[in-house]
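Please explain how the charged, aromatic and nonpolar side chains of this model are arranged, taking one kind of contact at a time.

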Amino acid sequence: MRYKLTFVVGLALGYVVGTRAGRERYEQMKKSAQDFAQSPAVRNAAESAAQTGRQVAGKAAHVVGDTMGDRLPSSVTDRVHALRNRGRVNGKVEDDDWGTSNT
């Protein structure tokens, strides 16, 4: 419920600010947001966070698979094994380019 309320308040605030500021201010805020998102520091931080997230998710999948593998239904175990082997070619882990787009 708290997240719905936060969303509605944000939506209302955005509407009020948008209607009072006008198109010129909107374009100015849009350009500022784009400049911020395209800055090298932000892009590097986002890539670092994505890489860390992939590593943590991989470790979590291994822990869950090793710890709970015998107690889980076969459909879940098969999915964990599929995720574990994703990105591997001949037993070697290859880097993927997921989340590293320059667009």
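A salt bridge is counted here where a side-chain nitrogen of Lys or Arg lies within 4 Å of a carboxyl oxygen of Asp or Glu. The model is a predicted one, and by this rule the structure holds three salt bridges.

Helix α1, which covers residues 2–38, is a good place to begin. In one of the salt bridges R23 is joined to E27, with 3.0 Å between the closest N and O atoms. These two residues stand four apart in helix α1, so about one helical turn separates R23 from E27. As for their surroundings, R23 is exposed, because its relative accessible area is 59% and the limit for that class is over 50%, whereas E27, at 33%, is partly exposed.

Another salt bridge links D35 with K31, and here the closest N and O atoms are 2.9 Å apart. D35 and K31 are likewise four residues apart in helix α1, which means that about one helical turn lies between them. K31 counts as exposed at 51% relative accessibility, while D35, with a relative accessible area of 44%, is partly exposed.

There is also a salt bridge between the side chains of E47 and R54, where the distance from N to O is 3.4 Å. What degree of exposure does E47 have? With a relative accessible area of 24%, E47 is partly exposed, and R54, at 22%, is partly exposed too. Neither residue is classed as buried, because that word is kept for values under 20%, and the values are 24% for E47 and 22% for R54.

The nonpolar side chains come next. On the surface, L13, V17, Y26 and M29 form a nonpolar patch, and their accessible area together is about 360 Å². One of these residues, Y26, has its place in helix α1, and Y26 counts as partly exposed because its relative accessibility is 41%. A residue in such a patch needs over 30% relative accessible area and no salt bridge, and the 41% of Y26 lies over that limit.

The aromatic rings remain to be described. How many aromatic pairs are there? The count comes to zero, where a pair would need ring centres within 6.5 Å of each other. A contact between a charge and a ring is found, however, since R2 lies over the face of Y3, at 5.0 Å from the ring centre, and the distance allowed for such a contact is within 6 Å.

Definitions and conventions:
Residues numbered from 1 in each chain as written. Predicted model: local features only at pLDDT ≥ 70, side-chain atom pairs only at ≥ 80, totals over all residues. Heavy atoms only, no water. Phe/Tyr/Trp six-rings, centres within 6.5 Å; stacked < 30°, edge-to-face > 60°. Lys NZ or Arg CZ within 6 Å of the ring centre and 35° of its normal. Patch = residues over 30% accessible without salt bridge, like charges linked within 9 Å, V, L, I, M, F, W, Y side chains within 5 Å. Areas by Shrake-Rupley, 256 points an atom, 1.4 Å probe, with all protein chains shown as cover. Buried < 20%, exposed > 50% of the residue type's maximum accessible area, 1.4 Å probe, protein only.
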